[in-house]
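Me: Hi! I've got a model open and I'd like to talk through a couple of its helices. Can you help me read it?

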Amino acid sequence: MSDLKNFQKIKIGDAKSFSKKLGLNNYISNPYWLAFNGFYENKDGEILIYDRDVLYKNDFPYIGLPKNKKLWERAIIINAKEEDILNIKKEGVSVRESFCFGTEYFYKTSQFAELEDPKFRKIVNRFKRKYKFKIKQNYSNKKIMDFLVRWEGQQKTKNVIFENGKEFENFCIKNYKEIGGERLFIEIDGELVGYCLFIKNSNDYWVGIHKKVDYRFEGLSRFLLHQECLMFKNIPYFTLGSEAQDMGIKNHKLSLRPFAEDKLYYVITDGK
């Protein structure tokens, strides 16, 4: 285990470079999350990047396996894949505990940019016919926050992860100008009814950070996804993260027909 006093918080201005250092095409590696919840240390010549546990604030699991295999011993790893666990065991390192806490879903951008799926295309086109809307790329922070208060009132599942998500969303709004990415806002009758934040993570993947919609407007979520994919049509794949232990989110993400899924594990190891 590392000494906590050696940890340093990832600064907002450095988050993109740490994201590149990780070289992972998953949600947790996006610069917004790293700036919000990421820490690092230089140990034996290797930059190690950690995620602060949402529930147990004194635990800092690795994001990804360190290159130095000696560091796999007596470690905590978040978002480990099944192949990571197999590799740990192949090195003779004892896995004290591992449990799956969610699934991350991956999609093809062209599927939604080009409206390849007939059902998805029908929903998007029906939204365009039914509502008179405006698409904007800038909005005042106050109006975004007011919209989020209304959105929260429509939510049924409000657990610890939900509350942490609210804090993260506020962080993203506050620091958008420094971190960057793209945002889209949808107005209907002069009222903000949906918005999304998304960012390029590599040449092959982009990440959907947030998407919030007013559920009164049928098809709005899929229409926003279509617009995101049009903007990033030259980046072939994307992720929207895991289901955050919410069955409604899981069903929604599965309905979008991901081309790949990664089960996410929390792993605690002992020595050899």
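Me: What do the buried residues of H5 pack against?
Reply: They pack against helix H4 (109-113), strand S7 (133-136), strand S8 (182-188) and helix H9 (220-231). Contact here means heavy atoms within 4.5 Å, and helices (H or I, at least four residues) and strands (E, at least two) are DSSP runs, numbered from the N terminus. This is a predicted model, where local features need pLDDT of at least 70, side-chain atom pairs count only at pLDDT 80 or more, and totals for chains, interfaces and linings use all residues. Residues are numbered from 1 along each chain as its sequence is written, and side-chain values use heavy atoms, leaving out hydrogens and water.

Me: Which residues in H5 are buried?
Reply: Phe 120, Ile 123, Val 124 and Phe 127. Buried is under 20% relative accessible area, exposed over 50%, and partly exposed in between (1.4 Å probe, protein chains only).

Me: Why do they line one face?
Reply: Seen down the axis of H5, they fall within an arc of 95°, so they share one face of the helix. The arc is that of the directions from the helix axis to the C-beta atoms. An α-helix has 3.6 residues a turn, so residues three or four places apart point the same way.

Me: And which exposed residues are on the face turned away?
Reply: Pro 118, Lys 122, Arg 129 and Lys 130.

Me: Switching to H1, which residues are buried there?
Reply: Ala 15, Phe 18, Ser 19 and Leu 22. They cover an arc of only 105° around the axis, which puts them on the same side of H1. Exposed Lys 20 and Lys 21 sit on the face turned away from that buried side.

Me: What follows H1?
Reply: Gly 23, with a positive phi near 65°.
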